Protein chains: 2
Amino acid sequence: MSDNIPALNGAESLVTTLAASGVNLCFANPGTSEMHFVAALDRIDGVRCVLGLFEGVVTGAADAYYRMAGSPAATLLHLGPGLGNGLANLHNARKAHSGIVNIVGDHAHDHVRFESPLKSDAEGIARAVSHWVRSSASAADVGADGAAAVQATRDGALGRIATLILPADTAWSAGGRAAMARPVAAPTAELGAVPAAARALKQLGPRAVLLLGQGGTRSEAALHLAHAIAAHTGCRVLAEFYNARMPGGRGRPAIERLPYMVDAAVAKLAGCETLVLAGAVEPIGFFAYPGKPSQLKPAGAALLTLAEPHHDVLAALQALADELGAKPVAIAAAPGQPAALPTGAITPESAAAVVAAVLPEQAVVVDEAVSSGRGFGVPMRHAAPHDWLPTMGGAIGFGLPGGVGAALGAPGRPVLVLEGDGSAMYTVQALWTMARERLPVVVLIFANRAYRILQGELAGVGATISGDKATAMLSLGQPALDWVALARGHGLPGVRVDTNEALAKALRDGFASGGPCLIEAVL
Amino acid sequence: MSDNIPALNGAESLVTTLAASGVNLCFANPGTSEMHFVAALDRIDGVRCVLGLFEGVVTGAADAYYRMAGSPAATLLHLGPGLGNGLANLHNARKAHSGIVNIVGDHAHDHVRFESPLKSDAEGIARAVSHWVRSSASAADVGADGAAAVQATRDGALGRIATLILPADTAWSAGGRAAMARPVAAPTAELGAVPAAARALKQLGPRAVLLLGQGGTRSEAALHLAHAIAAHTGCRVLAEFYNARMPGGRGRPAIERLPYMVDAAVAKLAGCETLVLAGAVEPIGFFAYPGKPSQLKPAGAALLTLAEPHHDVLAALQALADELGAKPVAIAAAPGQPAALPTGAITPESAAAVVAAVLPEQAVVVDEAVSSGRGFGVPMRHAAPHDWLPTMGGAIGFGLPGGVGAALGAPGRPVLVLEGDGSAMYTVQALWTMARERLPVVVLIFANRAYRILQGELAGVGATISGDKATAMLSLGQPALDWVALARGHGLPGVRVDTNEALAKALRDGFASGGPCLIEAVL
């Protein structure tokens, strides 16, 4: 961009900079201090604005958008408290290695000297989840700061969180100068560990695990390479439990994920002498439990990093396959037959079979079903090809916003959100954005009317209870949430089902509608 | 408590400590790392637990609870992201000078060395809104740390935010030792400024303003003293725009609040030569605007601090009245007649008249009506005696949780929540807690289907817009939220009204029911 476009204020220079730098979508929940930015979005073309009624919707949508589009969206948030409301999903986005440019309005420089009600520590809050934080000093800096923020979202093949704080006077003052982020560089390939990895896999065969994570699970090509390497060497291939985006379904290699439960993960890695990390990190338990290990690998097992998450993991796997002479192998059909459509009462297992049977081609599945979602792995191997996006980072509230962001990040593809009823409540306001933007999102709520996972965790930590109070604290049954009413309240059609036949019909109808809908599956 | 109660784990020692220290209510949204605390709440009597489906519900309820009960509740939150979700209402609580003990579970000490999905900077996030932060080192410390946290919530007559981070191993390990917070000390009276304040008010009369804030507006007695001082000296009395709790209605002095709008506030203070601050701070604009001042008082006006917010403002006002020889004065009926019940279409003004007419005695009114709530001041002078609790700190999302906390903090008193439709969505999940706990809360939603205040602010900052994009960003009309359905979805009865007659009936029915309900008033 030219430096001499006249008469831009700071906000206008930022919108111009974002558009020129390829940031063409802004998820927004603005307040007073962002009004000049809102006006600039209105006046200058190139950045589409999508409104969320809560900041967690905004940040969760930006996370999923990045996972599908591969480039960052902006968010627009209101001072420290607005950023705080978006923090949990920024935590998730950080763990997903998603790139996001947060624009946080703040008080004008002259105003922040005084104790006003909304004075807050926006920078302190931002640092807890951001890789990069800057507060603009003047309108003349805002464009360059915006370009620097876009650049700061890039971490090789993956993304990072950049937060630009915009004091109101830097937005409203004249003297803005638009800038442009540098072009995206190719991700780094680090191939030094290829020979050692090849030797380990060949020598150890099934006593080696090729562990895929983050960068290594996003592309179908990487999964095929891993599959070929395993066929050639006899090593085992596993993926991390959480992967920001993972292709699955028919014709794709079925890569098993490390289990969530500590005991099961330890058992899965038993006998492994070397873990070759392909875009993965050392496997660590989600939580600690009394008497159970944090580190999941056998005590003596070696870690060998083929590629770090932000490296070009695909190139590293290709080099490894070349070094080994591993040739592409055909993907056999998943063992067993696709389950016949189950009938009768819905269980998590039957719902997985129904979803696998009716999922349309190239759907994006956002998974925040928590306890109800654990059984999807095997049935989904028979499903139509799809991408799978789980909640990264473990902060509940990604699922519904994730549906918004996935639909906007992958235009034309149907989206299915698998949601627990407890989980859905954290950012339930996302339903309204689905309705407003008429997004092709089918929301499937697993209504078990409890924090089911915590009922398990309460046992898992060895806590013993004597009475009804703890039981009540983990129950959502009194009153039961009425999800059909909640959908209608947000402007969405909804239907309640309690048989698998009705579930299959509701899913098919939902996908056929091309718009958003909600299905409450009563378990 | 004795130090030698055997066989407590850390979590049990904390529950025992809280109960012994007068913290008898815990608003909770727990996760795995808090399961031992949940088990301890179950096993040990003395701390009642109220569940929220989102952390902002938990922290907002704790704020309102403190404002009514005058003593802190605990919250139970899940690691950094859970604390993040509660941050906006902790910001508000901090500005309200509410005392809250946050208990934030974290990973076990041995686990936090590793990069796990939920690893987060809980301490960094806590510091942004807490006056006191500590992370327990061992189970043996948890009881003493809990007692220190309770003590840290006390700031003279007002409260503060204390956050105790509880690594999971400190909760589950044996060796817990219960403790007890020190008894509450009497708030400090600082009377040194009394003679100077008396002189200023006597000499200046109407050119002096006695400005009440925070501690000075909570008690009816303080308002009567201020009224008597004004009658004696001819000074003007104003209250800060935001006051955490302010008695109002018939028989109470009608203390005018400083206006929200900068121009109006500046006009209100015009001609003032000295502001005597009684539990108040210097008046500062909520936001900065191009060309408008941040400081609202006339440039040459003196500030004279009679009492800081955490001082015993009532004692200071009593001393000032004594110094002046000001005698109690009878409260005249508010000028004018109570408006006849309006009929026909609902406006913010007509709704205020209806509310003033039907409000039951000793109601608690939680005000987050934002743009729709500005006209309540004058009509409410005719209403039955009540307490008024606005959103402090300006972070939207206090209102519905505030209804929960007010009902629990003032048992037996009816609660009315005045809510904007945009505002209500930030913590809409609070409706479920009202239903679950069968709280006597009537929620009145002003459905103008827009971020009306931002439409005004967009003009206020001088931003000019050319097209439809900004208009759309501030409109909530497509689709319109269906508040009756949202209420039903959360387990609450709801009714939609579009005339003042129907509004009056719905309010009366709601208060008569003794339970929660929601009224959507379509403007």
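This is a short talk on a predicted model with two chains, A and B, going from the whole chain to the interface and then to single residues.

Let me start with chain A as a whole. Chain A contains 20 helices and 20 strands. Along its principal axes, the C-alpha atoms fill a box of roughly 65 × 60 × 50 Å. For 523 residues, a compact globule would be expected to have a radius of gyration near 24 Å, and chain A has 24 Å, so the two agree. Of those 523 residues, 66% are buried. If we take the contacts in chain A with a separation of 6 or more, 82% of them join residues 24 or more positions apart.

Now the domains. Chain A is assigned three: domain 1 covers 10-172, domain 2 covers 194-324, and domain 3 covers 348-522. I will look at how domains 1 and 3 of chain A meet. Their centres, taken over C-alpha atoms, are separated by 29 Å. In the contact, domain 1 of chain A puts in 24 residues and domain 3 of chain A puts in 25 residues. On the domain 1 side, β2 (48-51), α3 (55-69) and α5 (87-95) of chain A each supply at least two residues. The most comes from α3(A), with 11 residues. By class, that side of domain 1 of chain A has 14 nonpolar, 6 polar and 4 charged residues.

Next, one strand in chain A. Strand β4 of chain A spans residues 100-106, and 7 of its 7 residues are buried. Which residues of β4(A) lie on each of its two faces? On one side are Ile100(A), Asn102(A), Val104(A) and Asp106(A), and on the other are Val101(A), Ile103(A) and Gly105(A). Both faces are covered, and the buried set therefore includes Asn102(A) and Asp106(A) as well as the valines and isoleucines. As for its partners, β4(A) pairs with strand β3 (residues 73-78) of chain A in the parallel sense, over 6 bridges. In that pairing, Ile100(A) of β4(A) is the bridge partner of Ala73(A). Strand β8 (residues 161-167) of chain A also runs parallel to β4(A), and 7 bridges join the two. There, Leu166(A) in β8(A) stands opposite Gly105(A).

On to the two chains together. How many residues of each chain take part in the contact between A and B? The count is 84 residues of chain B against 84 residues of chain A. On the side of chain B that touches chain A, helix α2 (residues 35-43) of chain B gives the most, with 7 residues. By class, that side of chain B has 46 nonpolar, 26 polar and 12 charged residues.

The symmetry can be stated briefly. Chain B is superposed on chain A by a rotation of 180° with 0.0 Å of shift along the axis, at an RMSD of 0.0 Å. That is the relation of a two-fold axis. The copies meet through the same surface, because 100% of the interface residues of chain B are also interface residues in chain A.

I will finish with backbone details. Most residues other than glycine have a negative phi, and most peptide bonds are trans. The exceptions here are worth locating on the model.

In chain A, the peptide bond from Gln478(A) to Pro479(A) is cis, with omega near -5°. Pro479(A) sits in the loop between α18 (469-473) and α19 (483-489) of chain A. In chain B, the bond from Gln478(B) to Pro479(B) is cis too, again with omega near -5°, and Pro479(B) is in the loop between α18 (469-473) and α19 (483-489) of chain B.

Two residues of chain B have a positive phi without being glycine: Leu79(B), near 55°, and Arg438(B), near 50°. Leu79(B) belongs to helix α4 (residues 79-85) of chain B, and it counts as buried because 28 C-beta neighbours lie inside 10 Å. Arg438(B) is in the loop between α16 (430-437) and β18 (441-447) of chain B. With 13 C-beta neighbours inside 10 Å, Arg438(B) counts as partly exposed.

The last residue is Arg177(B), in the loop between α8 (168-172) and α9 (194-204) of chain B. Is Arg177(B) buried or exposed? The cut-off for buried is 20 or more neighbours, and Arg177(B) has 20 inside 10 Å, so it counts as buried. Arg177(B) is 167 residues from Gly10(B) in sequence, yet their C-alpha atoms are 7.4 Å apart in space.

Key. Residues numbered from 1 in each chain as written. Chains lettered and ligands numbered in written order. Predicted model: local features only at pLDDT ≥ 70, side-chain atom pairs only at ≥ 80, totals over all residues. Helix = DSSP H or I, 4+ residues; strand = E, 2+ residues; numbered from the N terminus. Rg over C-alpha atoms; globule rule 2.2 N^0.38 Å. Buried ≥ 20, exposed ≤ 12 C-beta atoms within 10 Å, placed from the backbone. Contact = placed C-beta atoms within 7 Å. Nonpolar A, V, L, I, M, F, W, Y, C, P; charged D, E, K, R; others polar. Least-squares fit on C-alpha atoms with pLDDT ≥ 70 in both. Pairing = 2+ DSSP bridges. Domains from an automatic or database assignment.
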